[in-house]
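Q: I have a new model open on my screen, and I would like to learn how to read it. Could you take me through it feature by feature?

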Amino acid sequence: MLLRLRLLLTCLGGGALLLLLLCLGAQNLNTRVSLNLGVGRTPELPSGFVVGVALVIGVISGGSATALLLPRGDQLPGRE
């Protein structure tokens, strides 16, 4: 349980740091795009920011999935 919690907190902390660096780095980009979400449109955002947010979401979801799919400590390998 402690390993799962540590992995989950590490993944969330790393994702937050990546998002902070992304927000700082996307301040001076000139190429801006607007996404059509079906029900509305987003404000014009730099294209690198949109790609970076997708990367951060992937890091957080991948780390969370890994933390949730780890076997329990008392569970033998190959047994469910």
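A: Happily! Let's begin with a definition: a disulfide is counted when a pair of cysteine sulfur atoms lies within 2.5 Å. Keep in mind throughout that this is a predicted model.

Q: How many disulfides does that rule give here?

A: The count comes to zero disulfides. As for the general idea, a disulfide is a covalent bond between the sulfur atoms of two cysteines. Two cysteines to look at in this model are Cys-11 and Cys-23, both on the H1 side of the contact with H2. Cys-11 is buried, because its relative accessible area of 8% is under the 20% cut-off. Cys-23 counts as partly exposed at 31% relative accessibility.

Q: Let me step back to the overall layout. What pattern does the protein follow along the sequence?

A: Reading along the sequence, you meet α-β-β-α. That pattern is made of two helices and two strands. Of the protein's 80 residues, 15% count as buried.

Q: How do I judge whether a helix has the length one would expect?

A: Compare its end-to-end reach with the value expected at 1.5 Å a residue. H1 has 24 residues, and from its first C-alpha to its last it reaches 34 Å, close to the expected 34 Å.

Q: Which residues of H1 are buried, and what helps to cover them?

A: Cys-11, Gly-15 and Leu-22 are buried in H1. H2 is included in what covers the buried residues of H1.

Q: How are H1 and H2 oriented, parallel or antiparallel?

A: The crossing angle of the axes is what to read. The axes of H1 and H2 cross at roughly 175° and come within 8 Å. An angle over 145 degrees counts as roughly antiparallel, so H1 and H2 are described that way.

Q: Which residues meet between the two helices?

A: From H1, the list includes Arg-4, Leu-7, Leu-8, Cys-11 and Leu-12, and from H2 it includes Phe-49, Val-53, Val-56, Ile-60 and Ser-64. The residues of this contact divide into 15 nonpolar, six polar and one charged.

Q: Could you pick one residue from H2 and go through it with me?

A: Let's take Ser-64, which is found in helix H2. Ser-64 has a relative accessible area of 19%, so it counts as buried. Leaving aside neighbours within four places in sequence, Ser-64 is in contact with Leu-8 and Cys-11.

Q: And where in H2 should I look for a contrast, buried or exposed?

A: Try Val-51, which is also placed in helix H2, residues 47–69. At 58% relative accessibility, Val-51 counts as exposed. The C-alpha atoms of Val-51 and Leu-22 are 9.9 Å apart, with their places 29 residues apart along the chain.

Q: What can I learn about contacts between residues far apart in sequence?

A: Look at contacts in the protein between residues at least 6 apart in sequence: 56% of them join residues at least 24 apart. For a distance of another kind, take the C-alpha atoms of Met-1 and Pro-71, which are 70 residues apart along the chain and separated by 9.6 Å. Met-1 lies in the segment before helix H1, and at 81% relative accessibility Met-1 counts as exposed.

Q: What about a loop residue: where is Thr-42, and what does it touch?

A: Thr-42 sits in the loop between strand S1 (32–33) and strand S2 (45–46). Its relative accessibility is 17%, so Thr-42 counts as buried. Not counting residues up to four places away in sequence, Thr-42 touches Ser-34, Leu-35 and Leu-37.

Note on methods. Residues numbered from 1 in each chain as written. Predicted model: local features only at pLDDT ≥ 70, side-chain atom pairs only at ≥ 80, totals over all residues. Heavy atoms only, no water. Helix = DSSP H or I, 4+ residues; strand = E, 2+ residues; numbered from the N terminus. Buried < 20%, exposed > 50% of the residue type's maximum accessible area, 1.4 Å probe, protein only. Expected span 1.5 Å × (residues − 1). Contact = heavy atoms within 4.5 Å. Axes fitted to C-alpha atoms, helices over the stretch in contact; angles between N-to-C directions. Parallel < 35°, antiparallel > 145°, perpendicular 65-115°, else oblique. Nonpolar A, V, L, I, M, F, W, Y, C, P; charged D, E, K, R; others polar.
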